[in-house]
Amino acid sequence: MKFRLCLFLALLLSLPVLAQNAAPDPGTPSSSIAVISNAYARDPQQPIDQAYTAKIKQYTTEPYFNSPLTDYLPASKTIPTPDKVFGDVSGAPNILPYAEDVYKYFRLLAAASPRVKVYTIGHSEEGREMIAVAIADESLLAQQKENDARLAKLADPRTIHLDDKVAAGLVKQSFPVYYITGTIHSPETGAPTALSELAYRLAVDDSPYIKYIRSHMIVLITPVVEVDGRDRMADIYKWHRAHLGENYPHLIYWGHYVAHDNNRDAMAMTLNLTRNVLNTYIDWHAQVLHDLHESVPFLYDNTVGDGPYNAWVDPLLDGEWAELGWNNVSQMTALGMPGVFTHGDFDTWSPGYLMFLAAMHNGISRLYETFGNGGADTEKRILSPEEYERTWYKPNPPLPVVQWSQRDNNNYEQTALLSTISYFSQNTQHFLEDFYIKSKRSIEKPEANGPAAYVIPDENQSASRRAELLRVLSLQHVEISRLSAPVTVTIPAAKPSADAKSDAKSADEKAAKPEPKSRTFPAGSYVIRMDQPYSRIADALLDRQYWSPEDPQKHPYDDTGWSFPDLFSVPTVRVTDVSILKAKMDPIADAGASSGAVSGSGSVTAINNAGEITLLGLRYALKDAKVSIADAPFDAAGKHFAVGSLLISNADSSALDNAVKDADVQAVSLSAAPSVAMHDAPLPRVAMMHTWLDTQLEGWWREALDKLHVPYDYISTQTVAQESDLRSKYDVILFAPMERARPQQIVDGMPMYGNPLPWQKTDLTPNLGLNDSTPDMRPGLGLDGLQHLKDFVAHGGLLITSETTAEFAIDEGLAPGVFVNHGEKINVVGSVLGAHFVDSKSPVAAGYGENLAVYSADGLAFTIGDTTSPRHLTTLKDYQRPTGRGGPDDEDVPEGRSSVTPEPLPSPKPWEATALNEEEARNNPFVIPVQDRPDVILRFASSKELLLSGLLEGGSSIEEKPIVVDAHYGDGNVLLFANNPIYRGETIGTYPLVFNAILNFDRLSSQK
């Protein structure tokens, strides 16, 4: 009902505003179509580029796939049109320009027009440039610096003492910035050409509504966000055009590290593109970040989307989403363009999307999904019933069968953008006022709704994990302070859980109310104050999330939980006591700077392993030094060192200082080595194995290894199939999880029908083959490769697997005694779950305490057994006695004979194997020898402690089940993760599980 009301209000709002642009003649029929036509009427005195306009008509497959806004192009004698660079008009068939061609056009435009300026905003991981293009009247661009100073005050109202009158004056003097980004997803190809033509229109067209836009706002455009992937996509399209009728390779690599997940990086800020876009948004103090995508027909303005909405956005933003989204739909519907809608199945819960950078920084996040063909071919498209059915929010739905061109795509994108920025330009003061109010409310958060702050105590913390959390907050432009003196605050009493209430025995216990407690934080503790402009993103990342199993939205679009203190394993305290804000503290100028240091003097340097993420990389940095790993805890120089701590000698002092600094750890030099058992730390030879099916998730693993300076060879399953002696080259093979492949597909690869699918650097495809290359992507691991992998492990190698690749290892016999737990009732969608260590003596667990939070994509867990094949064995928990004498716990006694006591039934814990009795073990070739049975390292918590953040339903089916298991195969090991320990730069707390295993690859079996 609320969406229908919003639509009605949007229609009422939009028509008068449009009329302001170009008032209709009194004799004109008072229909919305007439109003719309007049609103976007072009300047009759301005000539049209006839040749370009004819091409627009030619390439548009149906008249109703265009509008009066884009069915022509104004002519200019001095300013080049896109075809001067692209070779044809924007959206022309069979042409997909590279990023550098798009940039070339924008720079030609800027050289020819004083209304256009181009800025470099950063570079990709592979060194390609990213740009932002500002378009406005020359007078506005000349005032940009002064205007930015005014917007900066609205963005941080502390600078004007939160004075509404001063803010009102600033609003009247200022003009907003509307930031548009395109092609973060590389197979979604239309935005660069659409935005090129849009820029020309904004710079050249003298239509009254465009002149009004130019004179009232700056439109900022980044035409290509994922520049590495754009160039690879252009290569593939060229290959396709040169091999018509053949299958062409799918885009296995987009960016250097990740594919579709590059639009899930707005929390951890791992990728260059995310940082570059946020820095641009913040530096320009923009009010909107509008990201262009392609998927559903014909244009889904998912500004409105569906619930649940993110719990940390300002309520004003909800209204702005509805206002802009429904206005966009009403205008394009009035223009006669079918298939435009704004309510859909996209929930606006996760803040991980690129556009959400604005929502979390007091702006407006927006996103279009326009129909696209994944290239510039004109194609017949057959829609599914779900896509073309008429609903209350799609009264003019897409057509069931269409001939669709890239020009159609460009028409829709430009018409939608022009109509929405026209509306925005007519309401600039309204949106600037909202921008100020949201910023002010962010600062008033401690008193208004809390919390007052988050505190990271300077005690019992992993230095490197804490540094990484602070670094992420700094990249989000969050202000961080550090206590210069201890402070004591009141912590509210935790509300008793339903289980605790039911466990209360007496009436007094049930009636008793928990009392608040005081807590003292030592000097040096980190404080993230909530009285700052970007408190909203800090609060969203540091708080926990809860998605109710009863929520009407049954299909969450992405992860439902992401609480960073849990995922980073950095204890953080939510403080509602506003007195914390009066404590003595100093702002940290650069929280992202490396913070490690060496203290003391002596020949041996000790580094405590508190579950650090950087010790493996540090070992490689000091490859020429003698490095040992402590096998037991010890005390030295007044400090405690845990199992797995490093002892370094014979290191170059400068190299040691630099390595420790980069590792964000505190090292202590000792006069002599401590008296503790230790072993040499190896320099493991590591390979990262990938398939040619999917590289989405393994890219996050590569990013982590590169960032933390862990060297590795990058090999494919095809390489493994050809290399019979892997063990002579490698000690550890990492096989990261995959998104879209069954275990058997890893062996089989793709069907061998049709032509080879090359991924190679050639003259035709110069941007392919950088990470890895193959003449044909179709072959998989194969039976030979599988045997080579088994031989590698059997001869002492370590294979590390996760999620789908762990299932592969189980299915292919590489993990004897480990099985997938089939919890049919489990409902987990990207949640944070509690876990406990079972084997704290395992080198994998070095540096950890008893508990750990893990990211779980879908509730995967393991079970273990003492045999190589799954077999149901009756346990005491399973047993239900038959009908007979006595009660349910009594034994039945047959008449006429003496009772014989049966063998007691086993009663294993959920993470343990069910022990075999003599009968079951007799002459059983499937029984695994004791020394070869799998070891459980980490298990899920009990159901009462299981959910930390996100969605969990049916948790009893996985409670206390194994998550991390060390399986033994020959002389080697297969480490299996039911979770993904290295994911989106968010699961820093579980990184050390992988790194500990690598550093101790030759010590896992010796722990038996």
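The questions and answers below concern sheets, helix packing, salt bridges and burial in a predicted model.

User: In the eight-stranded open sheet, which strands stand at the edges?

Analyst: The strand order is β1-β2-β4-β3-β5-β8-β6-β7, and the pairing is mixed. A strand at the edge has a single partner, so one side of it is left without a neighbour in the sheet. The edge strands are β1 (116–123) and β7 (340–347).

User: In what sense do β3 and β4 pair, and which residue is the bridge partner of Y178 in β4?

Analyst: Strand β3 covers residues 177–182 and strand β4 residues 218–222. Five bridges join them, in the parallel sense. The bridge partner of Y178 in β4 is V219.

User: Which strands does helix α9 touch, and what angle does its direction make with that of β4?

Analyst: Helix α9 spans residues 191–204 and packs on the eight-stranded sheet. It touches β1, β2, β3, β4 and β5 (288–294). The angle between the directions of α9 and β4 is about 155 degrees.

User: Where do E197 and R201 lie, and are they buried or exposed?

Analyst: Both residues belong to helix α9, four residues apart, which is about one turn of the helix. Their side chains meet in a salt bridge, with an N to O distance of 2.8 Å. As for accessibility, E197 and R201 are both buried.

User: Which strands form the edges of the five-stranded open sheet?

Analyst: This sheet has the order β16-β11-β15-β12-β17, with antiparallel pairing. Each edge strand pairs on one side only. The edges are β16 (573–575) and β17 (585–587).

User: Which residue in β15 stands opposite R482?

Analyst: Strand β12 (residues 481–483) pairs with strand β15 (residues 526–529) in the antiparallel sense. Two bridges make up this pairing. Opposite R482 in β15 stands Y526.

User: How many salt bridges does a search of the whole structure find, and which residues are joined into one network?

Analyst: The search of the whole structure gives 44 salt bridges. Some salt bridges share partners, and these join five named residues into one network. The network consists of E126, R128, D228, D231 and R232.

User: Why is D156 classed as buried and R158 as partly exposed?

Analyst: The two residues form a salt bridge, their closest N and O atoms being 2.8 Å apart. Buried means under 20% relative accessible area, exposed means over 50%, and partly exposed lies in between. D156 has a relative accessible area of 17%, so it counts as buried. R158 is partly exposed because its relative accessibility is 29%.

User: How many residues apart are D559 and R984?

Analyst: A salt bridge joins their side chains at 3.2 Å, N to O. D559 lies in the loop between α22 (535–542) and α23 (564–567), while R984 lies in the loop between β39 (972–977) and α33 (991–999). Both residues are buried. The pair links distant parts of the chain, 425 residues apart.

User: How many residues of α33 are buried?

Analyst: Helix α33 is mostly covered. Its buried residues include Y991, L993, F995, N996 and L999. The count of buried residues is nine of nine.

Definitions and conventions
Residues numbered from 1 in each chain as written. Predicted model: local features only at pLDDT ≥ 70, side-chain atom pairs only at ≥ 80, totals over all residues. Heavy atoms only, no water. Pairing = 2+ DSSP bridges. Contact = heavy atoms within 4.5 Å. Axes fitted to C-alpha atoms, helices over the stretch in contact; angles between N-to-C directions. Salt bridge = Lys/Arg side-chain N within 4 Å of Asp/Glu carboxyl O. Buried < 20%, exposed > 50% of the residue type's maximum accessible area, 1.4 Å probe, protein only.
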